[in-house]
Amino acid sequence: MGAGRRMARKQGPPEALSEEHFARLKRKAGLPVDAPVEASGNKRRRTGKNADAKPAGKKPAATAAKQMNGKKPAKEAKPVKTNGRSKPVVKTIMPGLEDDSDEELGDEFDLENADLSDDDEEAPAALGDDFLGSDSGSSVFDSDEEGGKGKHVFSEDEDESDAEEKLTAANIAGLSRKLDLQRAEEEAANAAELAESAMKTNIEGDRPHILDDDEDEDDIAGKPNAMLAPDLQLLRTRISENIRVLDDFANLSEEGRSRSEYTAQLLRDICSYYGYSEYLAEKLYNLFTPREAFAFFEANETARPVVIRTNTLRTHRRDLAQALINRGVTLEPVGKWSKVGLQIFESNVPLGATPEYLAGHYILQAASSFLPCMALDPQENERVLDMAAAPGGKTTYLAALMKNTGIIIANDPNKARAKGLIGNIHRLGARNVIVSNYDAREFPKPMGGFDRVLLDAPCSGTGVIAKDPSVKTNKTEMDFMQLPHTQKQLLLAAIDSVNHSSKSGGYVVYSTCSVTVEENEQVVQYALSRRPNVRLVDTGISFGREGFTSFMGKKFDASLRLTRRYYPHTYNVDGFYVAKFQKFGPTPPKTSAARDRAAAAADDADIIDKTPIPDEDSEDGDASGSRKKKDDFGGWDDEEDKEYMEKGRRNAMRRRGLDPRSNKKAAKKQSK
Ligand SMILES: C[S@@+](CC[C@H](N)C(=O)[O-])C[C@H]1O[C@@H](n2cnc3c(N)ncnc32)[C@H](O)[C@@H]1O
């Protein structure tokens, strides 16, 4: 798989870092540059991103029409040639860059002021096989250097040095200013564009004419029977105009027309323009204001930036970055919020086949996939369950966070996917993982009592439409009934698999790569109502929108605001949802199971709290608190033995996550 394809399919950081910065550097260096990011308007912005990320597969429905309308896509930039074989790429490699690049960089990279450690003076070792066949490095970090080699972007001690933090802070501050400027420019250009199109389409003055007078016909959207292609440019204009009206309905709507008429027209246009089913378009539209919905649908037309996660079981991020820079990869830390992520801006090499990749130094992983693992925050030596683990991006991150200590049960019922999971576990050197193959709704029967559980649930994928556009049309109402049902069952199983009395843990993280309320807040709300022994807690992630506490007439618990939503248009990451629960007590065994059955029609009717209860034989484990552990062996007593055996049986069941009380008949039989 080529690098380009990889880049197109992966995602980026919350703050989209300096893509423009790279373009500027290249322009100064007289190198070919991708489409300008600061270009105003959606079309140009989209082209810029496309040029950067080179999305694979078919173009969005709108692209062809845009090109026909005279807006050519930006020229594809030629990859910068690099030579991983002999040149230390920490050297300046972009001609002409030294002269005034500092001034340019001032905003984003305060390298002069950043205390970047300079402790790796050696030129990077030759990489042997010229895997890439390139002739010079292309990293921005190299070109920033005034005084020649040795000044590295990544400090010697990744965790302790503040050099990188300073760099990232400077980077983010600069970027933030740049983005503000960019946004202002974009808004101005959008306003100008809207005004222009309003002039063209609005013969009646200020009130744009959006809705057709003839109810039977919709010329712009095309007539499917006649097999005519819709006029995308006009559609787009009408979408923009319609949004403008909905933003200021009192002043801009036409007389006698209702808001719902405009909304219905907007939805029809969105379906035609972006290619969504009406059902899904409406579902997604309802999450936002009309203007934000437009931004969301737009963002789904461009790939998120490529991100890789450093496998800290095998290497440090600084070393990995240097190795990849040497191969001609242009990259940057993903953002201050992650110490392991690298955003890839450009690569001449297939990122899924470098020696570093094969040696397990990194994994291609969407930035948003880091978040549930960070929220779970597993500690060393804990017992962790990853309920839906394949292909293992999160499992292997958990293993790294736990420094290969403790135990992770990585479960996935899909055998084919489990093979990929096993492959990743081996490649990345995670030695604390056991793979299991259950339907996770069975948990905690096979195993329970975990310190932490991650449920990265199977979902509709409405957060990853940029990656998988088939979601636009292949998700039906049935999916949004069945999936939440499964998710609810899985979440109850996750909660019941956690040991509420864990000294270090007692947490469950629920995540999906979907943005629908049915699969997120409603599932979490359901779990809160069925399991009074859990509460929502802060995810510990520094960014993300608050979860809904009400939605279209439904009220959710106020604590739902502790959950976090991520959208492609707000953070430039895949759409994602993360909720973190703390379990503080055992689940009432009977009542909750009965209610679960009734409410969720769960076939796992036996769900009860399987939290291992401390051994009754232990000093403080006896329910009565009266019995003390006896070390002496003072003869044999059948009755007493029977009692011990029964107790042992109960403990064994509890350790296996079973409730001895749920099977009293069997217990009696067994004890006879
Ligand atoms: C979103 S993916 C998990 C991605 C994975 N956590 C990672 O980071 O690589 C959802 C997974 O859920 C699995 N799955 C589907 N139904 C399941 C069930 N009933 N129990 C457990 N896993 C299930 C699918 O096979 C799929 O691998």
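**Group meeting: a pocket, three salt bridges and two loop residues**

I will start with a space: the second largest pocket in this structure holds about 1,200 Å³. Please keep in mind that the model is predicted.

How do we come to speak of a space here? Rolling a probe the size of a water molecule over the atoms shows where empty space is left.

Which residues lie nearest the centre of the second largest pocket? They are Ala390, Pro391, Arg417, Asp456 and Cys513, out of a lining of 48 residues. By type, the lining of this pocket divides into 20 nonpolar, 13 polar and 15 charged residues. Several elements give two or more residues to that lining, among them α1 (3-9), β4 (362-364), α16 (393-401) and α19 (479-496). Strand β8 and helix α18 also belong to that group. Helix α17 gives the most, with three residues.

Now the chain as a whole. It has 672 residues, and 54% of them are buried. Its secondary structure comes to 24 helices and 15 strands. If you take the contacts between residues at least 6 apart in sequence, 77% of them join residues at least 24 apart. The accessible surface is about 29,700 Å², and carbon and sulfur atoms account for 50% of that.

Next, salt bridges. How many does a search of the whole structure find? The search finds 18. I will go through three.

The first on my list joins the side chains of Glu261 and Arg257, with N and O 2.8 Å apart. Glu261 has a relative accessible area of 29%, so it counts as partly exposed. Arg257 is also partly exposed, because its relative accessibility is 25%.

The next one is between Asp574 and Lys467, where the closest N and O atoms are 3.0 Å apart. This pair links distant parts of the chain, as the two residues are 107 residues apart. Asp574 sits in the loop between α21 (568-571) and β15 (576-583). Lys467 sits in the loop between β8 (452-456) and α18 (471-474). Are these two residues buried or exposed? Asp574 is buried, at 5% relative accessibility, while Lys467 is partly exposed, at 37%.

The last of the three joins the side chains of Arg565 and Glu521, at 2.8 Å from N to O. Arg565 lies in strand β14 (residues 564-566) and Glu521 in helix α20 (residues 521-530), so the salt bridge ties together parts that are 44 residues apart in sequence. Both Arg565 and Glu521 are buried.

To finish, two residues in loops. Where is Glu477? It lies in the loop between α18 and α19. Its relative accessible area is 52%, and the cut-off for exposed is over 50%, so Glu477 counts as exposed. Glu477 and Leu280 are 197 residues apart in sequence, but their C-alpha atoms are 8.6 Å apart in space.

The other one is Thr315, in the loop between β1 (306-310) and α13 (317-326). Thr315 is buried, with a relative accessible area of 10%. What does Thr315 touch, leaving aside residues up to four places away in sequence? The answer is Thr310, Leu320 and His361.

That is the end of my part. If you want one place to begin in the viewer, find Arg417 and Asp456, two of the residues nearest the centre of the second largest pocket.

Definitions and conventions. Residues numbered from 1 in each chain as written. Predicted model: local features only at pLDDT ≥ 70, side-chain atom pairs only at ≥ 80, totals over all residues. Heavy atoms only, no water. Helix = DSSP H or I, 4+ residues; strand = E, 2+ residues; numbered from the N terminus. Buried < 20%, exposed > 50% of the residue type's maximum accessible area, 1.4 Å probe, protein only. Contact = heavy atoms within 4.5 Å. Areas by Shrake-Rupley, 256 points an atom, 1.4 Å probe, with all protein chains shown as cover. Salt bridge = Lys/Arg side-chain N within 4 Å of Asp/Glu carboxyl O. 1 Å grid on protein atoms, 1.4 Å probe; cavity = no way out; pocket = protein on both sides within 12 Å on 5 of 7 lines; lining within 4 Å. Points joined across faces, edges and corners; volume = space filled by probe spheres on them. Nonpolar A, V, L, I, M, F, W, Y, C, P; charged D, E, K, R; others polar.
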